[in-house]
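Hi everyone, thanks for coming. I'd like to walk you through a few spots in this protein, so please have the picture open while I talk.

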Amino acid sequence: QVDAWSEGGVDLFILETHSGLDEVHAAIEAVRGATDDLPIVVLVTFNTEGKTYLGHTPVEVVTDLRGAAIDVIGANCSVGPQPMLDTVLAMQEHTDLPLAAMPNAGLPSYRDGRFVYLTTPVYFGQYAEHFLEDGIRLIGGCCGTTPGHIAAMAEVIKRYRTTPHPEQAAHPAHVEVREQEPEAEEADEEPVSSFLSRLRKGFVVSVELDPPRGTNPHKLIRGAHKLKAAGVDALNVADSPMARVRMACWAISALIVREVGLDVIMHFTCRDRNLMGLQSDLMGAHALGVRNIMAITGDPPALGDFKEATGVYDVDAIGLVQIIKALNSGTDFAHNAIGKPTELSIGVAVNPKAEDWDRERDRLLRKIDAGAQYAFTQPLYEISVLERFLERTHDIDLPVCLGVLPLMSHRHAEFLHHEVPGITVPESARDAMAKAGKEGATVGKELALELLAQTRGMMDGAYLMPSFGRYETCVDIVRSLKEEIAPSPT
């Protein structure tokens with residue numbers, strides 16, 4: 001149930017009407033097994049004697065749950081507002097967590113074959129004010145409450161939020177806000193993010209994650225946590241790849257930075273934003289903690305689900321690199337000062353299998369001249385292609401990460417080889433996947449590790465691209481790579 005609700009997009013979990021601590025711990029464990037970031041409210045039910053039906057006091061409950069992965073603690077059900085206030089205040093003396101109270105509408109009376117709750121909405125509203133004054137921060141109603149009871153509480157909360165303190169009312173403050181033009185601050189010669197610093201010192205491993213198609217990021221965040229535990233150095237976040245609508249790349253990138261604490265290389269295309277939008281979103285992403293940008297021209301809208309959409313392309317990837325470099329210097333693209341410069345590392349894409357190699361090399365050199373600091377390749381499956389690429393770029397000093405897309409099945413390999421432009425899967429790999437049968441994903445991981453082993457010392461990093469959002473396929477590869485490059489104990 002918890003898995004389904006989490007995937008469905010709930011905002012929080014309320015674990016309520018518990019009478020024993022064992023079941024509370026079981027419920028917390030179930031929720032935290034599905035999500036690390038959604039808040040949990042724990043509500044225990046106490047009788048008129050101030051104990052649970054298994055005999056626990058409020059102090060025993062909060063003491064037992066001290067250190068549990070919960071966000072709010074309190075009580076609900078069984079009693080009316082007055083005894084519940086006493087119960088929650090007893091909790092308050094022994095916990096720093098925010099408190100919650102959701103009483104019944106008094107005790108029920110059995111009349112004419114049914115139970116009737118006698119507490120009126122007016123009385124309920126009066127106790128809502130008592131709860132707020134005593135520091136209870138989440139209030140509601142349980143058995144017997146009606147829309148009238150909730151409306152009375154809501155009215156009290158509204159007044160509580162908007163009524164100023166007497167001193168504030170007697171001496172209203174006057175605030176005038178004036179916007180000051182920013183002055184350009186002197187920037188360092190070159191911003192160096194933590195990812196760029198690691199890339200220049202040794203072999204790095206990054207995994208690409210596609211933003212969700214909807215508004216629920218929880219599965220992706222869980223995947224990011226697992227990849228971090230495996231030892232990944234950074235996560236690449238795509239920008240609506242194949243021109244199909246997904247959550248904004250800057251939003252999911254900021255969530256990963258905040259919730260997971262990993263470096264993010266945010267892919268950023270010129271397809272969907274004009275010159276103003278490009279710069280606004282880059283500055284916003286920087287303010288939210290994103291420090292690495294991969295400048296990409298972007299797939300045309302005709303490839304995606306909205307073929308009538310218009311591609312902007314005020315600049316291409318080369319122009320986007322120039323924009324980022326300007327922001328890093330403390331100005332926008334029109335040389336207007338932005339105040340404190342951004343500190344964005346600049347990555348670009350390169351295709352070692354480009355049919356027109358002279359054009360590809362020229363664009364790579366122009367990207368470097370514009371300010372590019374590292375590159376990621378398209379997915380490769382042949383060591384010979386990489387060797388030829390390195391021969392052609394032996395005079396170019398730029399860290400490069402090898403793109404690797406692990407194969408999932410024979411059908412997947414055939415599709416990539418025959419239907420995806422720019423990708424060639426050698427016959428030997430396709431034969432291996434055909435023989436693998438149901439073990440295709442395992443063989444695909446083995447082929448990826450074999451290729452990475454063959455390229456050891458040739459590249460500066462590995463850039464893993466899981467298919468169909470199955471990041472799990474990359475967890476074992478990351479672990480294996482990290483074990484291989486870990487320093488030997490002395």
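**A helix, some rings and a serine**

Let's start with helix 9, residues 218-230: it has 13 residues and reaches 19 Å from its first C-alpha to its last, close to the 18 Å expected at 1.5 Å a residue. Do keep in mind, please, that this is a predicted model.

Which residues of helix 9 are buried? They are His218, Leu220, Ile221, Arg222, Gly223, Ala224, Leu227 and Ala230. If you look at what covers these buried residues, you'll find, among others, helix 1 (2-8), strand 8 (204-209), strand 9 (234-237), helix 10 (249-259) and helix 18. Just after helix 9 comes glycine 231, and its phi is positive, near 110°.

Now to the aromatic rings. The structure holds seven aromatic pairs. One of them brings together tyrosine 374 and phenylalanine 376: the ring centres are 5.8 Å apart and the planes stand at 80°, so this pair is edge-to-face. Are these two buried or exposed? Tyrosine 374 is buried, because its relative accessibility is 0%, and phenylalanine 376 is buried as well, also with a relative accessible area of 0%.

Phenylalanine 376 has another partner, tyrosine 463. Here the centres lie 4.9 Å apart with the planes at 70°, so this pair is edge-to-face too. What I like is that this pair links distant parts of the chain: phenylalanine 376 belongs to strand 13 (residues 374-379) and tyrosine 463 to strand 15, 87 residues apart. Tyrosine 463 counts as buried, because its relative accessibility is 3%, below the 20% cut-off. Put the ring pairs together and you get a cluster of Phe195, Tyr374, Phe376 and Tyr463.

While we're on rings, have a look at phenylalanine 203. The charged end of arginine 456 sits over that ring, 5.4 Å from its centre.

My last stop is serine 467. Where is it found? Serine 467 is in the loop between strand 15 (461-464) and helix 18 (472-485). So we are back at two elements you've already met: strand 15, which holds tyrosine 463, and helix 18, which helps cover the buried residues of helix 9. Serine 467 is buried, because its relative accessible area is 8%. Leaving out residues up to four places away in sequence, serine 467 touches Leu405, Pro406, Met408 and His412. With histidine 412 there is also a polar contact between the side chains, at 3.1 Å.

That's my tour, and I'm happy to take questions.

How values were computed
Residues numbered from 1 in each chain as written. Heavy atoms only, no water. Helix = DSSP H or I, 4+ residues; strand = E, 2+ residues; numbered from the N terminus. Buried < 20%, exposed > 50% of the residue type's maximum accessible area, 1.4 Å probe, protein only. Polar contact = N/O pair within 3.5 Å; in protein donor to acceptor, adjacent residues only side chain to side chain. Contact = heavy atoms within 4.5 Å. Expected span 1.5 Å × (residues − 1). Phe/Tyr/Trp six-rings, centres within 6.5 Å; stacked < 30°, edge-to-face > 60°. Lys NZ or Arg CZ within 6 Å of the ring centre and 35° of its normal.
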